[in-house]
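Student: I have a structure open and I'd like to learn how to read it. Can we go through some features together?

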Amino acid sequence: MNAIDVRPTTTSVYGAVQLGYALVDSPRLSEWRRFAAEGIGMALADSEPGTLAFRSDDHALRLVVRKRPQEDVALGWQIAGPNELNMILSRLAARGVKVEEIGGDEASSRGVERIWRFIGPKSLALELFIEPKIVADPPKVLVSGFVTGARGMGHVAITTRKPDAMIAFWREIFDAKISDYILDRIGGVNLKFTFLRVNPRHHSIAVAATRGLAMDPFATKIQHLEMQVPTLDDVSEAYRRCRALGIRIMMAVGQHPNDRDVSFYCMSPSGFYFELGWGSKDDHDIETSPQTTYEGVSLWGHKPQDQTLGDKLGQMRSAVASLFRQEYSPF
Ligand SMILES: [Fe+2]
């Protein structure tokens, strides 16, 4: 080793990006209160009228639900510092993506001082921020904790008719790396999942696409939002709470082959799924690991539990409708 530590100037933001918060617009605030606080077990934080804010860790909030007539969702991404933020903003500028800088009450309603908001793939609003408000008191959650830290609040899965453009977007903007792939046939449709990581979490973004004819069976902008808990008991107890509350379990407990996450999926009040998982293996060396392609999204379990014929028909309708509308892509 050289006596002088000559480090190349980094031009990557890999490792400096994490999912910070989810911002949900919904007319169903009372359902969200019950779902997130009593079912999943997050802590209801102080918030303004017409807004619910939930905590999972020392951040002032991780999930914000605003009362709005239309369902929508946006994602907040925490960036490590101003240098990394400027790199991302200059990449967006180079691509002609309009970014709105927002402070004041709107930013503080997300638990931050300033946000940089733009429209990402599939018209999903994305918000960048640097410093989250931290609260000293631990949140009163119903689980033993949530796995966050450098891994961020969790991950999202997005269905798309333009997987190449969407994957290119995350790779160009966030220097996302591909962890692995999964191929499966679900509901008679061949699907390919691409798992993208931006920090130690196995993936922060999963991109799901049909193979062959490009269809999108989900009308919601995200297919699911996932959070992780530290013990299998936490998953078990949350599953029991959701069942007791009558929250629909869309896929019962099972295990994914790639991150080995043991999880279940329930239906959020906004129509996207919510996955709660335990035991994700995050720490394989992304630089040296081959990008394995797994067959099947689940090693075992994840069987449909409370899915109805109406759900299947709805997905078929959305898939067909998707053929007749444009999916926005910023580049
Ligand atoms: Fe997931």
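Tutor: Sure, let's start with rings: those of Phe, Tyr and Trp (its six-membered ring) pair if their centres lie within 6.5 Å, and planes under 30 degrees apart count as stacked, over 60 as edge-to-face and the rest as tilted. This is a predicted model, where local features need pLDDT of at least 70, side-chain atom pairs count only at pLDDT 80 or more, and totals for chains, interfaces and linings use all residues. Residues are numbered from 1 along each chain as its sequence is written, and side-chain values use heavy atoms, with hydrogens and water left out.

Student: How many aromatic pairs does the structure hold?

Tutor: It holds 13. Take W77 and W170: their pair is tilted, at 5.6 Å centre to centre and 55° between the planes. Ring pairs also link W77 and W170 with F118, F169, F174 and F331 into a cluster.

Student: Is W77 buried or exposed?

Tutor: Buried means under 20% relative accessible area, exposed over 50%, partly exposed in between (1.4 Å probe, protein chains only). W77 has 0%, so W77 is buried. W170, at 1%, counts as buried too.

Student: Which residues are the protein donors of the iron ion?

Tutor: Donors are N, O and S atoms within 2.8 Å of the metal (3.2 Å for Na, K and Ca); water is not among the atoms, so sites may look incomplete. Here they are H155 (NE2), H224 (NE2) and E275 (OE), lying 2.0 to 2.2 Å from the iron ion. Along the chain, the donors follow the spacing H-x68-H-x50-E. H155 is buried at 3% relative accessibility, and E275 at 1%.
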